[in-house]
Amino acid sequence: LRARDIVLYTLLYLAVLYLNHDRATQLRRYRWFMASLFAVLTLAAYQYFFAIDSAVLRLDPIRQIWIPRLSSTLGHPSVFGQYLVMTVGLVTALMLVSRRRGLQVARGIFAAALLLPIFLTYSRAVWIGTIAAVGTLGLGWMAPRRKYISAVAVGGILLLAAVWRVPAIHTFLRTAFDPTYASNAERLEFAARLI
């Protein structure tokens with residue numbers, strides 16, 4: 001099955017490589033992508049408010065409660081989060097290159113709104129991936145505009161400090177580096193077996 005998956009991904013890459021890249025086709029793809037995103041987010045909201053039993057549950061060891069993690073139609077919170085990180089990257093990139101101020105603001109608000117479902121995946125990898133994706137795009141955008149780098153760096157540090165002060169996020173991120181935490185212990189054991 002893994003060999004089949006590898007072959008399928010190779011064929012998918014080749015299919016995407018040779019797709020048409022004209023403006024009209026790209027705009028149509030973007031619209032279909034946004035329509036599918038709306039459907040996926042609507043189902044995630046439904047899952048959060050009405051179908052919590054269908055969510056992947058995670059035990060919070062500090063508070064000793066089960067936390068529902070959103071997965072929408074994508075089967076697992078990490079896969080859903082990966083989809084959202086890709087979307088935030090796309091919307092942020094479009095925001096940065098947009099020439100119309102109103103469209104730029106709307107895309108910025110939309111990218112910021114996507115942070116809530118990203119948070120509700122309770123996936124540390126997704127959180128870190130979001131920071132890496134947006135940070136990389138921001139650095140790429142700032143490269144020719146050197147005068148903004150120090151202001152954005154200070155803003156980024158202040159944002160990270162503010163996020164670190166939220167107890168739920170701080171506790172959850174701290175468990176990422178705790179080898180006695182059950183999820184980490186399983187990953188370390190899996191890595192040891194691979195070695």
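**Exercise 1.** Which helix does T92 lie in, and is T92 buried or exposed?

*Solution.* Keep in mind as you work that this is a predicted model.

- Step 1: Find T92 along the chain; helix α3 is where T92 lies.
- Step 2: Check the accessibility of T92, which is 8% in relative terms.
- Step 3: Compare with the cut-off: buried means under 20% relative accessible area. T92 therefore counts as buried, at 8%.
- Step 4: Look for partners. Apart from neighbours within four places in sequence, T92 is in contact with A111, V134 and L137.

**Exercise 2.** Describe the largest pocket: how much space lies in it, and which residues line it nearest its centre?

*Solution.* Let's go from the space to its walls.

- Step 1: The space in the largest pocket comes to about 1200 Å³.
- Step 2: Its lining is made of 31 residues, and those nearest the centre are L115, T130, I131, V134 and L159.
- Step 3: Two or more lining residues come from each of α3 (77–97), α4 (101–113), α5 (115–119), α6 (124–142), α7 (149–164) and α8 (167–174).
- Step 4: Among these, α6 gives the most, with ten residues.
- Step 5: Sort the lining by class: 25 residues are nonpolar, six are polar and none is charged.

**Exercise 3.** Where is the place of A153, and what is its relative accessible area?

*Solution.* Take one property at a time.

- Step 1: A153 has its place in helix α7.
- Step 2: The relative accessible area of A153 is 38%, so A153 is partly exposed.
- Step 3: Now pair A153 with L139, 14 residues away along the chain; their C-alpha atoms are separated by 9.8 Å.

Methods: Residues are numbered from 1 along each chain as its sequence is written. This is a predicted model: local features need pLDDT of at least 70, side-chain atom pairs count only at pLDDT 80 or more; totals for chains, interfaces and linings use all residues. Side-chain values use heavy atoms; hydrogens and water are left out. On a 1 Å grid over the protein atoms alone, a cavity is a set of points where a 1.4 Å probe fits but cannot get out, and a pocket is an open set with protein on both sides within 12 Å along at least five of seven lines; lining residues have an atom within 4 Å of a point. Grid points are joined across faces, edges and corners, and a volume is the space filled by probe spheres set on the points. Helices (H or I, at least four residues) and strands (E, at least two) are DSSP runs, numbered from the N terminus. Ala, Val, Leu, Ile, Met, Phe, Trp, Tyr, Cys and Pro count as nonpolar, Asp, Glu, Lys and Arg as charged, and the others, Gly among them, as polar. Buried means under 20% relative accessible area, exposed over 50%, partly exposed in between (1.4 Å probe, protein chains only). Contact means heavy atoms within 4.5 Å.
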